[in-house]
Amino acid sequence: MSEIRTLIVDDSSVMRKIVERSLRQAGLDTMVVYEAGSGTEGLDLLRSKQVDLILSDINMPSMDGLEFLRQVRAQNLAPGVPVVMITTESSEEHVKQAILAGAQGYIRKPFTAEQVKERVLPLLTAA
Amino acid sequence: MLNGVRNAAIARKQAGGNDGMERKMAVSLKESVQLVSDPRHLDGSVEEVFQMMLGVACARFPGPVPQEEESVTAVVGFGGLLSGACVFRSGSSTAIKIAALMTGMEFAEVDDTVKDAIGEIGNMLAGAWKGKVPDLSANCGLSVPAVITGSNYNLHVQAPEFQLHHFYRFDESSFEVTIVCDGLQ
């Protein structure tokens with residue numbers, strides 16, 4: 001797979017590293033990773049960088065992942081770019097909210113690298 | 001401390017723009033205390049989080065956890081149908097080992113990355129635990145984790161609705177997890 005530019009948004013630096021490692025284990029070993037510690041940082045990054053994939057936590061202080069995603073779509077910052085939400089929240093209602101906000105995928109924490117592969121790679125192939 | 005974290009969870013739940021909130025608040029867990037407080041939910045959540053995120057088999061044991069000079073505690077508040085908190089606590093050596101397994105890095109002390117890792121463990125335990133009961137999963141919000149380090153402190157909650165307090169170990173390391181419920185709607 002060609003080099004994928006990925007934005008990972010999570011207030012936890014540990015989770016950002018784990019998500020990156022899982023993506024590399026899933027076969028995206030040559031990807032370029034941009035990290036953001038909040039939704040606001042993520043929006044700023046998208047104003048200056050082009051990306052092919054966004055993975056975002058939901059439960060974050062100040063701007064949560066759903067608001068981040070709504071802003072991404074409202075400001076047309078990453079048109080056509082698949083967004084996958086990664087979160088501890090797993091109810092149908094939360095999944096529905098994420099999809100309504102514009103997410104294409106949803107991964108529940110805790111997760112395995114295999115689950116990341118199953119949910120992310122088809123989105124990149126489709127894009 | 002618990003009040004602050006719990007209030008944060010309630011505020012996050014209310015700010016979530018949940019259009020089905022009124023409908024869902026008609027759901028009640030008052031009659032389901034036994035289901036919600038089933039100790040197997042907590043055991044299953046701990047095993048799942050440690051197996052998937054650290055790659056280790058974790059099992060409950062009678063305790064106690066050996067005391068260390070410094071301990072690390074993560075608190076994640078619940079708000080909504082259930083109010084309370086999920087509290088993870090271990091000695092510093094176990095916290096360092098958990099962070100090392102999660103990140104593949106080595107740590108000599110409890111630094112910000114170790115605290116971050118323990119906060120995430122608390123977050124995932126709280127999420128996995130509430131996910132075991134569908135009504136709870138959909139109607140209970142989580143606060144962002146608060147992490148406390150230090151020595152010689154105790155967790156005290158006045159007259160909770162119920163409380164689970166379990167000890168677990170993996171390899172030679174051990175820790176404790178407490179679920180405190182001080183309100184159930």
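**Helix H2 of chain A, and a helix pair in chain B**

What covers the buried residues of helix H2 in chain A includes strand S1 (5–9), strand S2 (32–36), strand S3 (53–57) and helix H3 (65–74) of chain A. Helices (H or I, at least four residues) and strands (E, at least two) are DSSP runs, numbered from the N terminus.

This is a predicted model, where local features need pLDDT of at least 70, side-chain atom pairs count only at pLDDT 80 or more, and totals for chains, interfaces and linings use all residues. Residues are numbered from 1 along each chain as its sequence is written, with chains lettered from A and ligands numbered from 1 in the order in which they are written.

Which residues of H2(A), residues 39–48, are buried? They are A:Gly39, A:Gly42 and A:Leu46. Buried means 20 or more other C-beta atoms within 10 Å of the residue's own, exposed 12 or fewer, and partly exposed in between, with C-beta atoms placed from the backbone. The three cover an arc of only 55 degrees around the axis, so they are on the same side of H2(A). That arc is taken from the directions from the helix axis to the C-beta atoms. An α-helix has 3.6 residues a turn, so residues three or four places apart point the same way. On the face turned away from the buried side, H2(A) carries the exposed residues A:Arg47 and A:Ser48.

Now the two chains together. In chain A, 18 residues are in contact with 22 residues of chain B; contact means C-beta atoms, placed from the backbone, within 7 Å. Helix H1 (13–25) and helix H4 (92–101) of chain A each give two or more residues to that side of chain A. H1(A) gives the most, with 5 residues.

Conventions: Two residues are in contact if their C-beta atoms, placed from the backbone, lie within 7 Å.
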